[in-house]
Structure formats: C-alpha cells, structure tokens
Amino acid sequence: MWLALVGRHRSVVPALGPCRTPFRVLPTDLDVLRHVNNGVYLSLMDVARVDLIERAGFAGKLRALGWYPVVVAETIQFRRSLTLWQRFEIETRVLAWDEKAFLLEQRFLRGDEAVAHALIRARFLARGGGSVAPADILALAGAPPLPAPPPDWATRWNDEQAVWRGTS
C-alpha cells in the first residue's frame, strides 16, 4: 500500500537498477524471537522489485500489455537480524538474463551494513497465456545498457535454477 501512495513521487531509477527501497521493521514483521521472520524477507523483496518496475517507468506499459513478473527461484542468506523499528533498505538490481528469465540481486542494507543477500530468477508471463521473452521486456524498457557480467557463483546458481528437479 505504501508504494502505491508514494511510489509515483520518488526518484526515477535505471531500468536495470539499482533501486533502493526504504523500509522500517514493524511489529507484524517479527517472529517469536522478536526479529524479522525469514518469510517476511521474501515478501519485502516482492515489494522492492515492484518499486524498481514502477520507478523505472515501465509498470504502466507492462499492465497495458497484460504482462506480469513471477519468481521462478530464489535463495537468501542472512548475516544479521533486523529488529523492531530499525530502518533498512533493499537494493534491487538486474544482474543478467537468458532467453527465459532475469537474474536479480537484492541486498538488505542497514546503513552500510549488509544484513541479507538474495538471488532471484524471475520471468514475465502474459495474462493471455505463455511467457514473455526478456528481450521483449528490455525493448519495452528502452533497451537499457548491458550490466557488468555477474559473478561466476551467481551465474552457476542461475544455470542450476533453469532446470526443474521436482516431481511432475
């Protein structure tokens, strides 16, 4: 809700980021140990990715075409805890893409301190069915410049996520 109210009045960011989204830890974010619940991190990451799309200026274009993002895979590492009322930011940026999906990095920052780090594989789907190629999303975003190559470990993780190993 907060982004819907203030998102239009925030600074514009590049289509591939970085985009810093500010937050404050609320009582509803906490688990029984009084730090942010691990599941809440994933929900906050969703909000920060939407903030990137909004502030990069192509959310309306996506909606008009009936295209929407979905997470294919994600992993997160926790380094420190976030506790009640602390301010922090999530920095979101696109690291790379392949023919099907984007690789994003999201870092939780409390000041200059990295609290958590996540990698996300995400793709876009069309409301009418089927998927949307990253090339089409990049064209919609104005063909932004290529990012620096991602670290090898991020590329290996992304390649591994492209293969479904679950049942059925």
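**Exercise 1. Which residue just after α2 takes a positive phi?**

Solution. The model examined here is a predicted one. Just past the end of α2, the residue to look for is G57, whose phi is positive at about 90 degrees. At the other end of the helix, N37 acts as a cap on the N-terminal end of α2, with a side-chain oxygen placed 2.7 Å from the backbone nitrogen of G39. Between these two ends, α2 has 18 residues and reaches 26 Å from its first C-alpha to its last, which is close to the 26 Å expected at 1.5 Å a residue.

**Exercise 2. Find which residues of α2 are buried, and place one of them in a salt bridge.**

Solution. The first step is to list the buried residues of α2, which are V40, Y41, L44, M45, A48, R49, D51, L52, I53 and R55. The second step is to take D51 from that list, since D51 has a relative accessible area of 1% and is buried because this falls under 20%. The third step is to look for the partner of D51, and this is R10, with the closest N and O atoms of the salt bridge 3.2 Å apart. R10 lies in the loop between α1 (2-6) and β1, while D51 belongs to helix α2, so the pair ties together parts that are 41 residues apart in sequence.

**Exercise 3. Describe the largest nonpolar core and the surroundings of F108.**

Solution. Begin with the core as a whole, which has 36 residues, and in which L82, F88 and F108 have the most contacts. Next, ask where its residues come from: β1 (19-24), α2 (38-55), α3 (59-65), β3 (87-97), β4 (102-110), β5 (113-126) and α4 (134-140) each supply at least two of them. Then turn to F108 itself, which, leaving out residues up to four places away in sequence, touches a set of residues including Y41, L44, M45, I76, L82 and F88. Finally, note that a second core, separate from this one, has six residues, among them A73, L103, L119 and A154. As background, nonpolar side chains tend to be buried together in soluble globular proteins.

**Exercise 4. Work out what parts the salt bridge of E113 and R80 ties together, and how exposed its two residues are.**

Solution. The side chains of E113 and R80 meet in a salt bridge at 3.0 Å, N to O. E113 lies in strand β5 and R80 in the loop between β2 (67-78) and β3, so this pair ties together parts that are 33 residues apart in sequence. E113 counts as partly exposed at 26% relative accessibility, and R80 is likewise partly exposed, with a relative accessible area of 41%. Another salt bridge joins the side chains of E54 and R63 at 3.3 Å, N to O; here E54 is partly exposed at 31%, whereas R63 is exposed at 54%. The count of salt bridges comes to eleven, and R20, E89, E91 and R107 are linked in a network of them.

**Exercise 5. Is N158 buried or exposed, and what does N158 contact?**

Solution. N158, which lies in helix α5, is buried, with a relative accessible area of 7%. Apart from neighbours within four places in sequence, N158 is in contact with D98, L103 and R121. Q161 also lies in α5 (residues 152-161), but Q161 is partly exposed, with a relative accessible area of 28%. Beyond residues up to four places away in sequence, Q161 touches A73 and R121. The C-alpha atoms of Q161 and R121 are separated by 7.5 Å, although these residues are 40 residues apart along the chain.

Technical notes. Residues are numbered from 1 along each chain as its sequence is written. This is a predicted model: local features need pLDDT of at least 70, side-chain atom pairs count only at pLDDT 80 or more; totals for chains, interfaces and linings use all residues. Side-chain values use heavy atoms; hydrogens and water are left out. A nonpolar core is a set of buried Ala, Val, Leu, Ile, Met, Phe, Trp, Tyr and Cys residues joined through side-chain atoms within 4.5 Å. Buried means under 20% relative accessible area, exposed over 50%, partly exposed in between (1.4 Å probe, protein chains only). Helices (H or I, at least four residues) and strands (E, at least two) are DSSP runs, numbered from the N terminus. Contact means heavy atoms within 4.5 Å. The expected span of a helix is 1.5 Å times one less than its number of residues. A polar contact is a pair of N or O atoms within 3.5 Å; within protein, one must be able to donate a hydrogen and the other to accept it, and residues adjacent in sequence count only if both atoms are side-chain atoms. A salt bridge is a side-chain nitrogen of Lys or Arg within 4 Å of a carboxyl oxygen of Asp or Glu.
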